[in-house]
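I opened this one at the bench and kept notes as I went. Here is what I looked up.

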Amino acid sequence: MIRSMTGFGAARAEQAGETISVELRSVNGKFCDVKPRLPRELAALETELSKTVKARIHRGVVDVSVRRESGPTARGVQPRVDLPLARAYAKALRDMKSELGLSGDLSLSELAQLDGVLTLAELPADLTAATAALQTALASALEALELMRAHEGAALAKDLAGRLDSVERSVAAVRTLAPAAVESYRERLAVRVAELSRGMPLEPARLAQEVALFADRSDVAEELTRFASHLEQLRALLGGDAPAGRRLEFLLQEVNREVNTIGSKSQHAAIAAHVVEMKAELERLREQVANVE
């Protein structure tokens, strides 16, 4: 069954104290374009992440958001003391006290509050554990994404199949009307020639020759045969499991070419009406196929 290119998936995994959350969002695209966003400390994992996504997703723009969550005990950060700066502060304050003849002592809490002495720094990532957690979360998120894309793809396939039914009905009508178009032309030509000849007898051979030429120019048998083949291939792709978006787009281009040829060859009003209906339906099919992976 075909799959849509739009979907969402999210998952979370923990490994040896490293907790990773992954969110995937996919939209339409001509190719598979992965756009990862990772924390700075996990940037080294970006290439492998993109390869994993492309192994499962064949078409569409996929935004991948990775978040490294804080640890349960240290909130993912640790205090850091700049001892050289603290010594410089203490010396400067002692010098100022001595130079100005001031009283009082500098307390630890006062020193810690001075700018830059005590800061909070992110805990360094355990890349081994983070990689394992990322792989687990990414796999689960991809499963959720593919499930949603498959669900939407089933709805697309149903709609596309219904529109192909409509096109096939029009093709059947054109196949039936094609011989009648030649006979209608024969009758119109006979009436027209009779009017122009002002009662003079018609030449049956000449009339038959003109009708034969018209029949040859307006013959759409080859187009209808190719048309039927293309529709059969379209239905096979809708029922297959492989990504089919590009092939569906190509076949619809071919089908549209056959419709245009049928329309240019035919001078029958009823056939022309069916050609207009087929063009409208093919445009709707093209718009829907643009969503198929």
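My entries follow, from the overall layout down to single residues.

**Ground rules.** I am working from a predicted model, in which local features need pLDDT of at least 70, side-chain atom pairs count only at pLDDT 80 or more, and totals for chains, interfaces and linings use all residues. Residues are numbered from 1 along each chain as its sequence is written, and side-chain values use heavy atoms, with hydrogens and water left out.

**Layout.** I find eight helices and six strands in the protein chain. Helices (H or I, at least four residues) and strands (E, at least two) are DSSP runs numbered from the N terminus. Along the sequence the pattern reads β-β-β-α-β-β-α-α-β-α-α-α-α-α. The protein chain has 293 residues, and 34% of them count as buried. Buried means under 20% relative accessible area, exposed over 50% and partly exposed in between, using a 1.4 Å probe and protein chains only. I also looked at contacts, meaning heavy atoms within 4.5 Å. Among contacts with a separation of 6 or more, 80% come from residues 24 or more positions apart.

**Hairpin.** Strand β1 (residues 7-15) pairs with β2 in the antiparallel sense over nine bridges; two strands count as paired if DSSP finds at least two bridges between them. G7 has S26 in β2 as its bridge partner. The two strands form a hairpin with two residues between them, and A16 in the turn has a positive phi of about 50°.

**T19.** I picked this residue in strand β2 (residues 18-27). T19 is buried because its relative accessible area is 9%. Beyond its neighbours within four places in sequence, T19 is in contact with R12, A13, E14, R67, R68 and E69.

**β3 and β4.** In strand β3 (residues 32-37), C32, V34 and P36 point to one face and are buried, while D33, K35 and R37 point to the other and are not. In a regular strand, side chains alternate between the two faces of the sheet. β3 pairs with strand β4 (residues 60-69) in the parallel sense over six bridges, and D33 stands opposite V61 in β4. With helix α1 (residues 46-56) in between, I get a left-handed β-α-β unit; a crossover is right-handed if, with the strands pointing away from the viewer, the path from the first strand over the helix to the second runs clockwise.

**Cores.** A nonpolar core is a set of buried Ala, Val, Leu, Ile, Met, Phe, Trp, Tyr and Cys residues joined through side-chain atoms within 4.5 Å. The largest one has 29 residues, and I2, F227, L234, L248, I262 and M278 have the most contacts inside it. α4 (127-197), α6 (221-239), α7 (245-265) and α8 (269-289) each supply at least two residues of this core. Its largest share, seven residues, comes from α4. Apart from this core lies another of 24 residues, among them A11, V53, V66 and A137.

**L234.** Not counting residues up to four places away in sequence, L234 touches L164, L248, L251, L252 and V255. L234 also helps line the largest cavity, together with L160, L164, L238, L248, L252, L285 and V289.

**R247.** Is this residue of helix α7 buried or partly exposed? R247 is partly exposed, because its relative accessible area is 44%. I noted that R247 touches L237 and A242, again leaving out residues up to four places away in sequence. Q233 is 14 residues from R247 in sequence and 9.5 Å away in space, C-alpha to C-alpha.

Definitions and conventions. On a 1 Å grid over the protein atoms alone, a cavity is a set of points where a 1.4 Å probe fits but cannot get out, and a pocket is an open set with protein on both sides within 12 Å along at least five of seven lines; lining residues have an atom within 4 Å of a point.
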